[in-house]
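Work through the exercises below with the structure in view. Try each task before reading its solution.

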Amino acid sequence: MFPARPAYTLMNKRFLSSLPASLASLVLGFAWLFSLALTHAATLPEGYAETHYASGISRATAMEFAPDGRLFVCQQGGSLRVIKNGALLPTPFVTLDVDDFSERGLLGVAFDPDFTANHFLYVYYTAKQPTLHNRVSRFTADGEVAAPGSETILLELDNLNAGNHNGGAIHFGTDGKLYIAAGENARGANAQTLTNLLGKILRINSDGSIPADNPFYGSASGKNRAIWALGFRNPFTFAVQPGSGRIFVNDVGNGAWEEIDELARGANYGWPECEAACSPANPNFREPIYFYPHGSGIRKGYCIAGGTFYNPATVQFPASEVGAYYFCDYSNGWIGKLAPNNRHQVIDFATSVSSPVDLKTGPDGRLYYLARGEGTVMAVSWTHSFAGRAGSYQGLFYETSGGVRHGASGFFSLALRTDGTYSGKLQQGTKRHSFTGTFDVDGKATNSVNRPGTNSLTTELLLDEDGQITGRISDNSWEAALLADRAAFAARTNPATNFANRYTLLVPGSAETPLEPAGDGLGTFVVDTSGRVSFTGLLADGSPMAQKVPLSKNGAWPFYVSLYGGRGSILGWILLTNSAQPDLGGLVSWSRPPGPKPKVHTNGFAFDSMLLGSAYRAPGANTFFDATSAVVILSEGGLGQSVTNLVTLGPGAKVTNTGTNKLTLKLTQKSGAFTGNVTLPGAKKATAFKGALLQKQQYGGGFFLGTNQSGHLEFRPSP
Ligand SMILES: [Ca+2]
């Protein structure tokens with residue numbers, strides 16, 4: 001049904017042999033390599049990897065990202081350090097005169113919601129004077145350091161006795177208020193009284209004043225009106241969920257349990273009356289949303305420390321992780337998480353973590369943990385992220401044995417987002433069928449694509465690491481191979497310098513049988529710096545063609561044009577090259593169904609053609625061939641024998657007829673297409689022809705419409 005065509009006489013054999021590079025990957029099928037090169041201490045789930053973000057940070061206690069992306073890390077001894085672009089700056093932002101006995105020291109840092117404008121940041125530390133107590137102060141940033149003399153004390157907590165249970169975390173809520181976690185200083189009774197700030201979560205305005213809507217504003221006095229919730233033992237860390245504003249508090253336990261509490265206005269969390277859940281339940285106390293027992297190993301431990309909601313500006317983890325709450329146990333060295341829709345069951349994440357003391361979700365969507373044991377900040381990323389492969393994919397599907405059939409082929413397009421979700425379209429003729437889905441961690445996805453009025457199509461897609469999609473598309477009776485490439489170029493960031501140009505192409509016909517077109521189809525197109533092909537042309541039966549489509553990084557063009565009202569098509573991979581002539585080529589399959597229009601080839605055909613092309617530059621004042629005389633030859637198309645016409649070529653691309661037949665030929669200088677008329681011997685009417693120049697090949701090809709067959713036109717320099 002699809003006879004192999006002899007190589008076109010103009011075809012460059014060297015080019016031909018290298019042509020189907022893009023098609024080769026269809027043959028390779030689903031072979032897919034992926035390797036991980038990991039050097040880390042922690043054990044992470046499959047698909048995750050970690051890198052050293054910063055090291056050399058001794059006695060770290062807490063960290064926080066500035067709105068500008070810098071990461072600030074508290075050292076217990078009083079230094080607030082800055083990590084900028086992954087490098088620990090040698091000069092601390094500020095070094096505070098702290099008492100760092102036992103669990104005291106610099107314990108918390110937070111950035112003003114309006115930091116970009118006001119440069120305010122806040123710290124929690126153990127002050128020595130006048131007596132030992134914890135303090136919340138505000139500093140003003142001056143670049144990488146605190147502006148000298150900028151400390152403003154906002155809140156002085158109660159005097160300390162024991163060295164432990166200081167709490168220390170501070171964060172702004174989504175309500176713009178500053179929340180402060182204070183430990184009970186190893187005196188359980190502190191947690192249940194409104195007469196001091198210890199064993200509480202506190203809430204103040206960013207200027208240190210106390211909001212009048214605090215729950216005990218009327219019942220407590222003085223600074224104790226800052227109490228927002230009570231009954232905590234040592235809330236060393238807590239986290240605010242972006243968007244929802246939910247706050248989870250990690251309260252370090254005493255004899256049996258570590259707990260996570262959801263913060264509520266005015267609530268009492270039970271310490272020291274109860275640890276974790278009260279038994280029997282006590283309606284005066286709010287129970288944790290999750291707690292785990294003391295002991296060795298994962299899901300057990302002695303010191304919950306570090307919590308963060310995975311709600312980053314840029315999602316790097318799988319989309320299913322958005323909203324998860326990650327936390328860690330300092331003593332047992334693991335990171336776990338509560339899934340977004342299951343707050344009561346912990347899911348193991350990382351183990352063998354070196355004394356994790358704090359966790360943060362980075363603006364880049366990675367999970368950062370502060371490993372006090374090794375003095376490092378580690379960044380955990382999902383290696384199966386789709387971020388580097390997101391974009392627009394275009395390709396073709398067709399059967400790979402027995403020839404291309406119109407009904408079992410088509411054009412494929414897909415938009416991939418960074419979270420692996422996609423929306424795609426299958427085009428067959430004029431019909432486009434949409435589908436959506438999500439690639440799994442292995443880059444696989446399947447769809448059943450509905451086609452109104454007929455059976456649905458099944459797609460099996462595989463996205464590889466380099467951003468190419470292969471797969472299969474089938475209905476019940478046929479199976480087509482799919483190949484699609486990512487649109488690679490962008491005018492500003494990645495211009496298609498090697499491909500941006502004007503081109504012409506020919507779809508050569510055949511002289512084997514009158515049932516097939518003898519004429520050459522023609523096209524002209526531009527590739528712009530964004531790598532986008534804008535193509536128009538005419539097939540050798542006069543059918544118009546047009547397509548706009550982006551190139552792949554290798555210059556592959558999935559050529560597809562619906563023809564005959566969707567009942568036919570022409571498709572194939574065209575590959576643009578930077579090498580010597582020709583500049584492009586590819587095998588295309590043209591399906592013309594039976595029918596009265598166009599008037600040639602009314603029985604229809606399925607025809608393969610090895611397409612040819614050339615870069616094109618308007619000749620301007622010159623001639624377009626390196627010659628002054630040329631021939632215009634018409635053949636096939638019902639002509640008994642070929643007709644040769646002589647012309648001369650003058651400056652400005654002018655063609656002058658010097659033969660006996662009446663002939664005109666006019667080149668559109670800008671595009672490289674030409675049109676003309678010739679009055680054949682014995683004919684009453686002129687025969688119109690159309691064609692295009694292949695400039696590098698010094699050849700023009702085209703067609704005229706004969707009685708039943710498309711005839712061939714050749715325009716080339718005289719021998
Ligand atoms: Ca409790």
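**Exercise 1.** Find the residues in contact with Val 73, leaving aside its neighbours within four places in sequence.

*Solution.* This is a predicted model. Two residues count as in contact if their C-beta atoms lie within 7 Å. Start with Ile 57, Ala 60 and Met 63, which are among the contacts of Val 73. Add Arg 81 and Ile 83. Finish with Leu 370 and Val 377.

**Exercise 2.** Place Val 73 in the largest nonpolar core.

*Solution.* This core has 106 residues. Val 73, Ile 180, Leu 202, Tyr 369 and Val 377 touch the most other members. Strand β8, residues 120–127, gives the most to the core: six residues. Another core lies apart from it, with 88 residues, including Tyr 503 and Phe 704.

**Exercise 3.** Which strands stand at the edges of the open sheet of four strands, and why is one side of each left without a neighbour?

*Solution.* Write down the order: β16-β17-β18-β19, with antiparallel pairing. The edges are β16 (237–240) and β19 (290–293). Each has a single partner strand, so one side has no neighbour in the sheet. Now look at β18, residues 257–262: four bridges join it to β19. Glu 259 stands opposite Phe 291 in β19.

**Exercise 4.** Set the radius of gyration of the protein chain against that of a compact globule of 719 residues.

*Solution.* The globule would have a radius near 27 Å. The protein chain has 37 Å. Next, take the spans of the C-alpha trace along its principal axes: about 120 × 55 × 45 Å. Finally, count burial: 47% of the 719 residues are buried.

How values were computed: Residues are numbered from 1 along each chain as its sequence is written. This is a predicted model: local features need pLDDT of at least 70, side-chain atom pairs count only at pLDDT 80 or more; totals for chains, interfaces and linings use all residues. A nonpolar core is a set of buried Ala, Val, Leu, Ile, Met, Phe, Trp, Tyr and Cys residues joined through C-beta atoms within 7 Å. A residue is buried if 20 or more other C-beta atoms lie within 10 Å of its own, exposed if 12 or fewer, and partly exposed in between; C-beta atoms are placed from the backbone. Helices (H or I, at least four residues) and strands (E, at least two) are DSSP runs, numbered from the N terminus. Two strands pair if DSSP finds at least two bridges between them. The radius of gyration is taken over C-alpha atoms; the globule rule is 2.2 Å times the number of residues to the power 0.38.
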